[in-house]
Structure formats: C-alpha cells, structure tokens
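Me: Could you walk me through reading some features of a protein model, starting with its backbone?
Reply: Gladly, let us look at it together.

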Amino acid sequence: MRHSTAPVRHIRHVRHLPAVLVAVLGLTVTALAPTAQARPAPPTVAGAFSEAAAEFGVPRDVLVAVGYGESRLDGHDGQPSQARGYGVMHLVDNPRQHTLREASDLTGIPVAELRRDTVANIHGGAAVLRARADEAGLTAGERARPAEWYEAVARYGGAADTRTARFYADGVYDLLAQGVTARAEDGSAVTVAPRAVAPDRGSYADAAPLAAGPDYPAALWVPASTANYSVGRTSSVTAVVIHVTQGSYAGAISWFQNPEAEVSAHYVVRSSDGQVTQTVREKDTAWHARSGNPYSVGIEHEGYVDQPSWFTDAMYRSSAALTRSIADRHGIPKDRAHIVGHVEVPGNDHTDPGPHWDWNRYMELVGGSTDGGTPQLTFASYSTLRTGSTGAQVSAAQWLLNSQGFDAGAVDGEFGPGTASAVRSFQSARGLSVDGAVGARTWTGLLSAGSRPVIQQGSSGEAVQRLQRALTAALARTVSADGVFGPGTAQAVRDYQSSRGLSADGVVGPATWSALQAGR
C-alpha cells in the first residue's frame, strides 16, 4: 500500500494542521492528557534518523548515508549550499530541483523550519526519499531491504542524466560499505556499521560508465552544461584557483550541469578519497572566478569554508597532484603568486578556501613554495641516499617526494626519519623493495613521475627532461637533461627498453613510462 503523506508525528505540532482539526484534536488531547504532563524533550539528531526512518519506512542506514554524503550531518545554521540546498539532507530550492517545497508538502512542516531545524530537515529528507521509492514502485517487502533503494537514492540526488545519478547513488552505497561514524551538530553519535550491500541498480544498471577526463586522465568526465562556460580562451592559462564548493561533491557536479546555474569549474575534488571529476575542458573558460576566468583553471573542493574536517589528507594529496599536472602542462610556476585562492582573485567577493585551508602543506605537496624555489634536480649521476645522508641530492629527493604527495617534511638536505618514512611510503606505493633508501630504482620512479605523453626524437619540454633524468638513474650513465629529445636520448631510450624487455623502438609511450615510474 502506498505510504500516507500525512505523518502521525505532526499531530503534536498542531500549528501544522487545519484549524478545524486542531480544535477537535485540542479537545481530545485536553480530555486525555494529564494536566501537569511535561513536554517531551526534542529528539537528538541521532534519534531523529531512527524516528524518521520508522515513520516513512526508509532503512535507517540508507537515510544516514544519504545525509552524511550530503552534509557530514551539519545543517550549517540554515545557510544554503552553492546549489541552494538546505540542511543535513540537502533539501533543494533551485530552478530545476524543488525538494525543499516537496518535503514541506509531504510533511506539513513549513519551509522555513525545514531550512533551519535539523530534526525537521531529516524528516523532510526521509519523506522525499520515500516518495522516490514509491515512484520506483518498491513494495513493502522491497522497502525493508537496503539493496532495493538504489533507484530511489539515485533519483533523490536530482542529477540531470542517468550516468551522474548512478554516480551519486554509488557514492551513497560506498558509504554503506565503509560505515559511518560521526558526531552530529548536537553532539549525538551517529553510526552505521559497515555492510556489504550489492545494490539492485534497476534502470541505472545500463548507465554508461563515466569516461576519463580529457585533460587529466585520473579524473572522471562529467561535462557541465554548455550554458555554464565559454568555449575557448581569450588568454593563456597562467594560474590555478582553489575553491571550496560550499556543498557536496555530487551536488556541485550536478549543479554545474544545471543550465540555470551560470557557474562551473574545471575540476571538483571529493573529500573522502580525493576522487577528481573534470567538468570543463582546460582549453575552455569555466565561470568560477570572475576576472580570473580567462587565465585560470578552477578547482573546487568538496566541503564548507568553516569546517576544516572536510579538508582531508586524501583531498590535499589528490588536489596537489592535479595542480602539479596543470602547472607542468601549462608552464605555470608552482608558487603562491600563481596558485591562489578564490578570495585572492581581484574583483571577487568570496572567502574560499578560507582560514582552515593549509596553504603551506598544500604547496609542499604541489612541489612548490611561497617563493617558487625549486632545488637542483639534474645530476650527472644519482647516489644512493639513506638516513644520515646530506646535500643537494637529498634536497632533490625530498622535493620530489613532497611533489608526489609523500610528506618528507622540509626540503633541507638532511635525510632524517621523516624523509625515510616518506621514501618507504613511496616504495610501498610503487611496489618497490621497502628499505627506506633512495637507490637506482627509487630514483628512477621519483624522477620519472608525472604525466605520460608519447614523446620521441624531436620532442622537447618538461616531460623530456623528466625522462632524461630518470634514464640517468636507471642506466647508471649520464643522459643530458636538456629537455630536447635528440639522438643521444633516443639511443638511451632504446637501451633502456631493450634491457627491460620492452619493444626497443625509441618511442616513449605508456609501456615505457609505466616501467620507469615503477622503478624498473
């Protein structure tokens, strides 16, 4: 039987009911209630999830996972997200999505209360989620099984196309698999035990998988609406602008697909694991920083300016790797004059990324600094380094480790415990022998890391120089690191390929880059 849209819980909130019914209920309650009965204490946020789940027949863990994915269970004092979504459950009021009004119609709770009151917002979100389950035709038996809620969750996200809707729902089911342990804004503990759920994707099962980003292959590709950016550039790319979404990862991506948004960014980075989605080609002008749009690439980071918990280690490392790639490909100096916050772009009134963004750490991970200094990286040979080593090659190794997201600390030329720990982490990530020493294989992996363009005799640039340094370490002979792929470099490539069992054609393609970056 279809769920009733007149929830019982609001009998006690008589202001939400018609006047005649209020009068009748008032008589009944007066006749039955003890004269000195105390008002019940309002439920905690944790209690509200259980109460709303029971009221609307939604699995409590699914409801929590949706809310946690949208907001980390923070209502943000009734302030809207970038996409004009409100509260823990991100009830939306924008030109394309109207779940805030729908929740009010389903529950009888005024819109203003749904915006600012977390308990009410959770009930509103549960009502909308149940409505999506009804639209999907779930029976009572199916509603009891979290796996059957996939279509309802996908529809709740409000994405414009099936691929993005599936992307949203997969994120919620990832949270179910990982579990949730959170402290809500009222201090109550909200937990979801990890569980393996094989969702029934229903009509979303055949949604095409997301392609790799056209400029940064580690990213997913979800193009923004063509109404939200300009094709082409009026300036060369000379800067990277760091933003914070003021909302969720999936919400920002979906908002950029809304032609009414009139806003976009080139990339969005997820808080939990650093996943990156590209939404606008770098050759095109995203609308993210007003006066900075023509000459910059914009990177949005999931979260809120006033909540540092969103800025995770995974996010910093992933974003830094992205920024490093952008800087290398466009020849942008890795310094704070060229890698800036939204707040620093002239003519803008935004405050992101805000005071909680750790610029020092971020720039170390990018491989840059406040003054743009880069240590010497080219040497005639590369010595084996270990704890106690000092000098310019130690600085080079520290800088390379930091630039690749392995925190070696200060680039000070002193091989101490922090550098040794970063080396071991790098070696483990690359499948190398984890001994904490920088020998030929570790040097090869460090020096070659980065983008993997196909290069051959006649090529030039940063990728060629990385190749030449890596070959010097791998072959234990000097290969001139001048950034020009000439006959000497071509011969060194063929020698390397032959010695590693690769096709010795002198062309550096995916197989040769893979071998170098694995330290072979």
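**Reading the backbone and the empty space**

Reply: Let us begin with D77, which is found in the loop between α3 (60–71) and β1 (85–86). Helices (H or I, at least four residues) and strands (E, at least two) are DSSP runs, numbered from the N terminus. This is a predicted model, in which local features need pLDDT of at least 70 and side-chain atom pairs count only at pLDDT 80 or more, while totals for chains, interfaces and linings use all residues. Residues are numbered from 1 along each chain as its sequence is written, and side-chain values use heavy atoms, with hydrogens and water left out.

Me: What is the sign of phi at D77?
Reply: Most residues other than glycine have a negative phi, and most peptide bonds are trans. D77 has a positive phi of about 55 degrees although it is not a glycine. D77 is also exposed, with a relative accessible area of 74%; exposed means over 50%, buried under 20%, and partly exposed in between (1.4 Å probe, protein chains only).

Me: Where is E262 found?
Reply: E262 is in the loop between α10 and β9 (267–269). Phi of E262 is positive, near 55 degrees, and E262 is not a glycine. E262 is exposed, with a relative accessible area of 59%.

Me: Which residues does a cis peptide bond join?
Reply: The bond joins D352 and P353, with omega about 10 degrees. P353 is found in the loop between β13 (339–341) and α12 (359–366).

Me: Now a helix: which residues of α17 are buried?
Reply: They are T489, A490, A492, V493, Y496 and Q497. Seen down the axis of α17, these buried residues fall within an arc of 160 degrees, so they line one face of the helix; the arc is that of the directions from the helix axis to the C-beta atoms. The face turned away from the buried side carries the exposed residues P487, G488 and S498. The buried residues of α17 pack against α16 (462–475) and α18 (510–517), where contact means heavy atoms within 4.5 Å. After α17 comes G501, with a positive phi near 75 degrees.

Me: How is empty space found, and what is the volume of the largest pocket?
Reply: Rolling a probe the size of a water molecule over the atoms shows where empty space is left. On a 1 Å grid over the protein atoms alone, a cavity is a set of points where a 1.4 Å probe fits but cannot get out, and a pocket is an open set with protein on both sides within 12 Å along at least five of seven lines; lining residues have an atom within 4 Å of a point. Grid points are joined across faces, edges and corners, and a volume is the space filled by probe spheres set on the points. The largest pocket has about 1,100 Å³. Of its 44 lining residues, R324, D328, A449, G450 and S451 are the closest to its centre. α11 gives the most to this lining, with eight residues.

Me: How many cavities of 30 Å³ or more are there?
Reply: A search of the whole structure finds three. About 150 Å³ of space lies in the largest cavity. Its lining has 17 residues, with H90, V92, Q97, G157 and S254 nearest its centre. Helix α10 (residues 249–256) gives the largest share of that lining, four residues. The second largest cavity has a volume of about 50 Å³, and its lining residues include S81, H90 and T245.
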